[in-house]
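Here are some friendly notes to read alongside the structure. Keep the 3D view open and look up each residue as you come to it.

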Amino acid sequence: MIRQLGIFLLVGWVLAACAGVPSPEDRSAAMRAMAKAADWRVQAVSGGDFSLLVSYPAGLTSAQTLAVYVEGDGFAWVTSSSPSLDPTPITPMGLKLAVQDARPAVYLGRPCQYVRTGGSRDCGRKYWTSHRFAPEVVSATHTALDRLKAHFKVQQFELVGYSGGAAVAALVAARRTDVARLVTVAGNLDHATWTRDLRLSPLSGSLNPADAWQSLARLPQVHFVGGQDRVIGKKVAPAYLRRFPAGSDVRLIQKAAFDHACCWAENWPDLLQEVSR
């Protein structure tokens with residue numbers, strides 16, 4: 001009886017914490033409305049073990065260079081100790097950035113966001129907590145890029161990752177030869193430093209981008225960080241950059257007034273100009 005009461009109270013507490021958070025269906029509908037307003041199409045693409053959501057301009061048929069925006073971790077946690085039941089983002093920051101890119105661009109969701117069926121692997125909560133950067137997650141994104149490459153006749157990619165999507169983008173870039181540049185925004189580029197610095201549980205089932213530095217050293221990189229970002233913290237990006245030898249084409253651009261969410265989307269066209277300098 002006591003155990004049942006405890007479970008009841010826990011469920012009630014989680015539901016209370018979720019009060020005011022849009023349902024997964026409403027979050028998905030809001031993303032689709034944002035895409036429609038920009039005249040972007042939305043569909044699912046097979047990533048092997050997972051089905052991933054993609055969105056792209058209605059008129060896009062081919063691109064020699066394609067910018068692919070990888071979404072962040074989304075609504076992964078209700079509180080600091082309770083994971084959500086569905087990681088579909090409340091605010092799809094990756095899409096907000098992508099629709100402002102004048103170049104050919106595609107938005108790519110993460111496993112279990114928006115699409116919970118269609119893949120052979122169950123979308124357990126570990127895929128937005130401890131295993132968010134697991135080998136199978138990286139492989140799913142890698143496979144999705146292969147499909148985009150064939151569909152749009154792509155010669156090379158520029159990968160742009162937001163928050164946790166930066167880790168996925170970096171890990172995918174490390175295993176491909178057709179990525180021309182890696183750009184990250186408020187990125188989790190060294191989750192070992194991140195969890196240690198913020199005293200979080202280690203991401204036991206995840207690959208760490210910082211450990212792939214040797215494969216990434218050949219790649220031009222630009223990493224945007226916010227001076228007020230308390231979600232990722234101040235130590236992650238410098239720890240990642242320290243892995244690279246002097247002379248590597250790896251730039252860190254800090255925006256002192258920005259935090260984890262503000263004000264990347266509002267300033268993205270101007271920030272893109274800084275990438276190409």
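What percentage of the 277 residues in the protein chain is made up of buried residues? Please keep in mind throughout that this is a predicted model.

1. **Inside and outside.** The answer is 51%: that is the share of the 277 residues in the protein chain that count as buried. As for the surface, the chain exposes about 12,800 Å². Carbon and sulfur atoms supply 54% of that exposed area.

2. **Overall build.** Try colouring the model by secondary structure, and you can look for 9 helices and 10 strands. The C-alpha atoms fill a box of roughly 65 × 40 × 35 Å along the principal axes. The radius of gyration is 18 Å, which agrees with the value near 19 Å for a compact globule of 277 residues.

3. **Contacts along the chain.** Take the contacts in the protein chain between residues with a separation of 6 or more: 73% of them join residues 24 or more positions apart.

4. **Charges.** The protein chain carries 30 positive and 22 negative side chains. The centres of these two sets lie 3 Å apart.

5. **Aromatic pairs.** The count of aromatic pairs comes to 9. One of them is formed by Phe224 and Trp268, an edge-to-face pair with 5.9 Å from centre to centre and 70° between the planes. This pair links distant parts of the chain, since Phe224 sits in strand S9 (residues 221–226) and Trp268 in helix H9 (residues 268–275), 44 residues apart. Phe224 counts as buried because its relative accessibility is 0%. Trp268 is buried too, because its relative accessibility is 0%. Another edge-to-face pair is Tyr240 with Phe244, at 5.0 Å centre to centre and 65° between the planes. Both Tyr240 and Phe244 are buried.

6. **An aromatic cluster.** Now select Tyr69, Phe224, Phe258, Trp264 and Trp268 together: these residues form one aromatic cluster.

7. **A look at Val275.** Val275 lies in helix H9. Is Val275 buried or exposed? Its relative accessible area is 3%, so Val275 is buried. Leaving aside neighbours within four places in sequence, Val275 is in contact with Arg181, Val183, Val222, Phe224 and Arg251. Phe224 is also a member of the aromatic cluster described above. You can also check the distance from Val275 to Gln221: they are 54 residues apart in sequence, and their C-alpha atoms are 8.9 Å apart in space.

8. **Backbone details to check.** Most residues other than glycine have a negative phi, and most peptide bonds are trans. With that in mind, find the peptide bond from Cys262 to Cys263, which is cis, with omega near 10°. Cys263 is placed in the loop between strand S10 (250–255) and H9.

9. **Two positive phi values.** Ala186 is not a glycine, yet its phi is positive, near 50°. Ala186 is found in the loop between strand S8 (179–185) and helix H6 (191–198). Arg199 also has a positive phi without being a glycine, at about 55°, and Arg199 is found in the loop between H6 and helix H7 (213–216). Which of the words buried and exposed fits each residue? Ala186 counts as buried because its relative accessibility is 2%, whereas Arg199 is exposed, with a relative accessible area of 80%.

Definitions and conventions
Residues are numbered from 1 along each chain as its sequence is written. Side-chain values use heavy atoms; hydrogens and water are left out. Helices (H or I, at least four residues) and strands (E, at least two) are DSSP runs, numbered from the N terminus. The radius of gyration is taken over C-alpha atoms; the globule rule is 2.2 Å times the number of residues to the power 0.38. Buried means under 20% relative accessible area, exposed over 50%, partly exposed in between (1.4 Å probe, protein chains only). Contact means heavy atoms within 4.5 Å. Accessible areas come from the Shrake-Rupley method with a 1.4 Å probe; for residues, only the protein chains shown count as cover. Lys and Arg count as positive and Asp and Glu as negative; His and the chain ends are not counted. The place of a charge is taken as NZ of Lys, CZ of Arg, CG of Asp or CD of Glu. Rings of Phe, Tyr and Trp (its six-membered ring) pair if their centres lie within 6.5 Å; planes under 30 degrees apart count as stacked, over 60 as edge-to-face and the rest as tilted.
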